[in-house]
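Reader: I would like a close look at the sheets of this chain, strand by strand, and then at the buried interior and the largest pocket. Please take the parts in turn and keep them connected.

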Amino acid sequence: MTTENGPRTCPFDFSEALDFDPELAGLMERGSITRIRLPYGEADAWLATDFHSVQQITVDRRFSRAGIMGHDYPRMTPEPIVSPESVNVMDPPQSSRVRSLVSQAFTQERVDGMRERIVRLADSLLDGMAEEGPPADLVRHLSDPFPQHTILELLGIPRADWGRMRELVLKLLVTGRDNKEAAAQVKTDLTGYFRTLVEQRRRTPGNDIISGMIAARDGQDQLDDQEMAVMTLTLVLSGQDTATCQISNIVYLLLTRPELMDWIRRNPESLPALIHELLRYIPFRKGVGIPRVALEDVELDGVKIRAGEFVHVSYLTANRDPARYPYPHSIDPDRPHAPHMTFGWGGHRCIGVPLALAELEVAVGRLLERFPGLRLAVPPGDLRWDAKTIRRFPVELPVSW
């Protein structure tokens, strides 16, 4: 709904399979920069939708993530998911420092060294699915536990805490208004838990990501315990969010589009490239994420954004920009490589991309290798899709083989 010369009210609650949100599609048609009103927060916001504008905002230091803290900024959830100490709401040079140190624990070389452990975790879960026999719920057997187990295993979280960890993290992703106080308490509790864990690893380091962050140095500079506790929470959130949804979403597309399954069976070595094209195409979340605030007046695509105004970017619409991706609403396994924005862009691109890609390649690759006759066990129209959180994914994905 749009008032005369006012913002467009955007609940961003669309959750029909992996169809593109018509609200976002309409905003793309209105122009590259539009004014919106989100479910929570005092103020309206500008929204950038085309690739070029999103790219510019994410690298322009006149737009600040740190500047939103202390404000009831426009957002999708009743309680802000991020903590003030999180790298997600830092600006350079502070964010550059933290990212430089944390990224030492996520180099491609380190992730390659973890790959054998990742494969073992996937195979263990697929063993359980094979033993139970068809039909089986892929979400329960693989999509849900695998990314959780992987990040918790690689962080060195005690297995006895894994179940409770999942319950707490899910509370941070719920969009209902009555979840605000519970989510705030969960965030406090988890940060305290991880701080204790960091202190333990300082005394007794191991072969895990937390120990890797403790060992990371830039000269004499290191992350302190609170920075690492908040970063660990960020990693656990990411580990149980993006990869969990995307395994189900990628497999759903392969099982409902025979031409894609045929293509990957003929070209198994091209799985990484196909995964990138599917990541570009999939609307992996609802609406938008964390905004920025303009530190000064900025002219962008003919729109004057004034100092103090909030600005959101849509990675979903940027990934469907026809100026960058010809026929953007189609999946093209042979599409020439052009980096997408599913993992963000600029100074806030996901630090754990090498790990996330390894998880997706292992999960999908091992699934197709071990279950070559994999197929949906129910008609696609009978699947239930998440409608309670900011994510897009099938709640269950019954498969046979």
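Author: What follows goes through the two open sheets, then the nonpolar cores, and ends with the pocket.

The model is a predicted one, and the description below should be read with that in mind. One open sheet has six strands, in the order 1-2-3-9-6-4, and its pairing is mixed. At the edges stand strand 1 (8-9) and strand 4 (63-64), each of which has a single partner strand, so one side of each is left without a neighbour in the sheet. In general, strands of a sheet pair through backbone hydrogen bonds, either parallel or antiparallel.

Both senses can be followed around strand 3. Strand 2 (residues 33-37) pairs with strand 3 in the antiparallel sense over four bridges, and within this pairing Ile 33 stands opposite Ala 48. With strand 9 (residues 310-313), strand 3 pairs in the parallel sense, again over four bridges, and here Trp 46 has Val 311 as its bridge partner. Further along the order, strand 4 is joined by two bridges to strand 6 (residues 292-294), and these two strands run antiparallel; Phe 63 stands opposite Ala 294 in strand 6.

Strand 3 also deserves attention for its side chains. In a regular strand the side chains alternate between the two faces of the sheet. In strand 3 (residues 45-48), Ala 45 and Leu 47 point one way while Trp 46 and Ala 48 point the other way, and all of them are buried.

A second open sheet has three strands in the order 5-11-10, with antiparallel pairing. Its edge strands are strand 5 (136-137) and strand 10 (375-376), each pairing on one side only. Strand 5 meets strand 11 (residues 398-400) in the antiparallel sense over two bridges, and Asp 137 stands opposite Pro 398 of strand 11.

Val 399 is a residue of strand 11, and it is buried, with a relative accessible area of 0%. Leaving aside neighbours within four places in sequence, Val 399 is in contact with Pro 134, Pro 135, Ala 136, Leu 138, Leu 255, Leu 374, Arg 375, Leu 376 and Ala 377. One of these contacts spans a long stretch of sequence: Val 399 and Leu 138 are 261 residues apart along the chain, yet their C-alpha atoms are separated by 6.6 Å.

The interior can now be described. The largest nonpolar core holds 111 residues, of which Phe 12, Phe 146, Leu 190, Ile 209, Met 213, Ile 250 and Leu 367 touch the most other members. Helix 15 (residues 353-370) gives this core its largest share, eleven residues. Beyond its neighbours within four places in sequence, Leu 367 is in contact with Leu 126, Met 129, Leu 138, Leu 142, Val 251, Val 362 and Leu 374. Apart from this core lies another, of 19 residues, among them Val 54, Val 298, Val 311 and Tyr 315. Val 311 is also the bridge partner of Trp 46 described above.

The last part is the largest pocket, in which about 300 Å³ of space lies. Its lining has 13 residues, and those closest to its centre are Arg 166, Leu 170, Asp 386, Arg 391 and Phe 393. By kind, the lining of the largest pocket divides into six nonpolar, two polar and five charged residues.

Technical notes. Residues numbered from 1 in each chain as written. Predicted model: local features only at pLDDT ≥ 70, side-chain atom pairs only at ≥ 80, totals over all residues. Heavy atoms only, no water. Core = buried A, V, L, I, M, F, W, Y, C linked by side-chain atoms within 4.5 Å. Buried < 20%, exposed > 50% of the residue type's maximum accessible area, 1.4 Å probe, protein only. Contact = heavy atoms within 4.5 Å. 1 Å grid on protein atoms, 1.4 Å probe; cavity = no way out; pocket = protein on both sides within 12 Å on 5 of 7 lines; lining within 4 Å. Points joined across faces, edges and corners; volume = space filled by probe spheres on them. Nonpolar A, V, L, I, M, F, W, Y, C, P; charged D, E, K, R; others polar. Pairing = 2+ DSSP bridges.
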